[in-house]
Amino acid sequence: MTGDPGVDALIRQWAAEREQTAEEREVDRIASAWLADAPQAAPGIPGQRARSGASGWAPVDSADPGYLDAMRSRLPEVPDELLTAAAGWWQMIGDVAEAEKWWDAGISPLDQRALDYRAAGLAPTDLSRRLGPMTVLQHLRRGSAPAWCVARLSRQQRAS
């Protein structure tokens with residue numbers, strides 16, 4: 001699917017957890033029909049100040065639509081619920097352009113380990129650099145700690 005065995009396993013696990021039996025689908029159908037009769041309040045954040053106008057709700061998106069569009073173009077077969085959950089994490093990286101640099105460097109849009117890599121001091125350009133016979137990305141995928149990769153890169157840079 002994505003080329004990363006860990007991410008592919010996550011997608012398969014996520015899909016298996018959401019498979020439903022006929023009985024579960026019937027229960028959901030009945031609950032949905034029952035809830036459809038209840039009055040709906042719009043989701044959002046209540047007004048914070050009385051002077052700010054109507055004290056209604058401000059609509060809120062659970063994920064930046066720009067992220068979802070970018071992720072959907074790279075992973076069209078992944079369900080929207082999973083993309084929305086992953087986009088929430090990627091929004092902490094920065095803007096879509098920075099996230100796309102990570103994705104172009106080989107990190108899947110469903111892989112939140114980029115947050116750890118970034119916190120350790122790695123940049124997307126570091127993932128293709130070689131540490132011995134393997135690239136940094138290969139080391140990370142085999143379980144090397146991001147801090148270890150950063151230390152090896154800095155040692156390598158000092159030596160040259």
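Buried here means under 20% relative accessible area. The legends below describe close-up views of a predicted model.

**Figure 1. The aromatic pair of Trp-90 and Trp-103 joins helix H4 to helix H5.** Both tryptophans, Trp-90 and Trp-103, are buried. A pair of aromatic rings is described by the distance of the centres and the angle of the planes. The count of aromatic pairs comes to one. In this pair, the ring centres of Trp-90 and Trp-103 lie 5.3 Å apart and the planes stand at 75°, so the arrangement is edge-to-face; the cut-off for that class is an angle over 60 degrees. Trp-90 belongs to helix H4 and Trp-103 to helix H5 (residues 96–104), with the two positions 13 residues apart in sequence, and the pair thus links distant parts of the chain.

**Figure 2. Overview of the chain that frames the close-up views.** The chain holds eight helices and four strands. Along the sequence these elements follow the pattern α-α-β-β-α-α-α-α-β-β-α-α. The chain has 160 residues, of which 28% count as buried. If contacts are restricted to residues at least 6 apart in sequence, 43% of them join residues at least 24 apart.

**Figure 3. Helices H3 and H4 cross at roughly 120°.** The axes of helix H3 (residues 65–74) and helix H4 (residues 80–90) come within 9 Å. The crossing angle makes H3 oblique to H4, and the crossing is right-handed. On the H3 side, the contact is made by Tyr-67, Leu-68, Met-71 and Arg-72. On the H4 side, Asp-80, Leu-83, Thr-84, Ala-86, Ala-87 and Trp-90 take part. By class, the residues of this contact divide into seven nonpolar, one polar and two charged. Trp-90, a member of the H4 side, is also the H4 partner in the aromatic pair with Trp-103.

**Figure 4. Leu-68 of helix H3 and its surroundings.** Leu-68 has a relative accessibility of 12% and therefore counts as buried. When neighbours within four places in sequence are left aside, the contacts of Leu-68 are with Ala-63, Leu-83, Thr-84 and Ala-87. Among these partners, Leu-83, Thr-84 and Ala-87 also appear on the H4 side of the contact between H3 and H4. Leu-68 and Leu-83 are separated by 15 residues in sequence, and their C-alpha atoms are 6.6 Å apart.

**Figure 5. Helices H6 and H8 cross at roughly 40°.** The axes of helix H6 (residues 113–120) and helix H8 (residues 146–159) come within 9 Å. H6 and H8 are therefore oblique to each other, and their crossing is right-handed. From H6, Asp-116, Tyr-117 and Ala-120 meet Pro-146, Ala-147 and Val-150 of H8. This contact comprises five nonpolar residues, no polar residue and one charged residue.

**Figure 6. Two buried residues of helix H7, Leu-137 and His-139.** Leu-137 is found in helix H7, and its relative accessibility is 10%, so Leu-137 counts as buried. Apart from residues up to four places away in sequence, Leu-137 touches Ala-105, Gly-106, Ile-107 and Leu-127. One of these partners, Gly-106, lies 31 residues from Leu-137 in sequence, with a C-alpha to C-alpha distance of 7.6 Å. His-139 likewise lies in helix H7 (residues 136–141). The relative accessible area of His-139 is 8%, so this residue is buried. With neighbours within four places in sequence left aside, His-139 is in contact with Leu-131, Met-134, Ser-144, Trp-148 and Cys-149.

**Figure 7. Thr-135 in strand E4 and its contacts.** Strand E4 spans residues 134–135 and includes Thr-135. The relative accessibility of Thr-135 is 14%, and Thr-135 therefore counts as buried. Residues up to four places away in sequence not being counted, Thr-135 touches Leu-127, Ser-128, Arg-129 and Arg-130. Leu-127, one of these partners, is also touched by Leu-137 of the preceding view.

Key. Residues numbered from 1 in each chain as written. Predicted model: local features only at pLDDT ≥ 70, side-chain atom pairs only at ≥ 80, totals over all residues. Heavy atoms only, no water. Axes fitted to C-alpha atoms, helices over the stretch in contact; angles between N-to-C directions. Parallel < 35°, antiparallel > 145°, perpendicular 65-115°, else oblique. Left-handed = near helix turned anticlockwise from the far one by under 90°. Contact = heavy atoms within 4.5 Å. Nonpolar A, V, L, I, M, F, W, Y, C, P; charged D, E, K, R; others polar. Buried < 20%, exposed > 50% of the residue type's maximum accessible area, 1.4 Å probe, protein only. Phe/Tyr/Trp six-rings, centres within 6.5 Å; stacked < 30°, edge-to-face > 60°.
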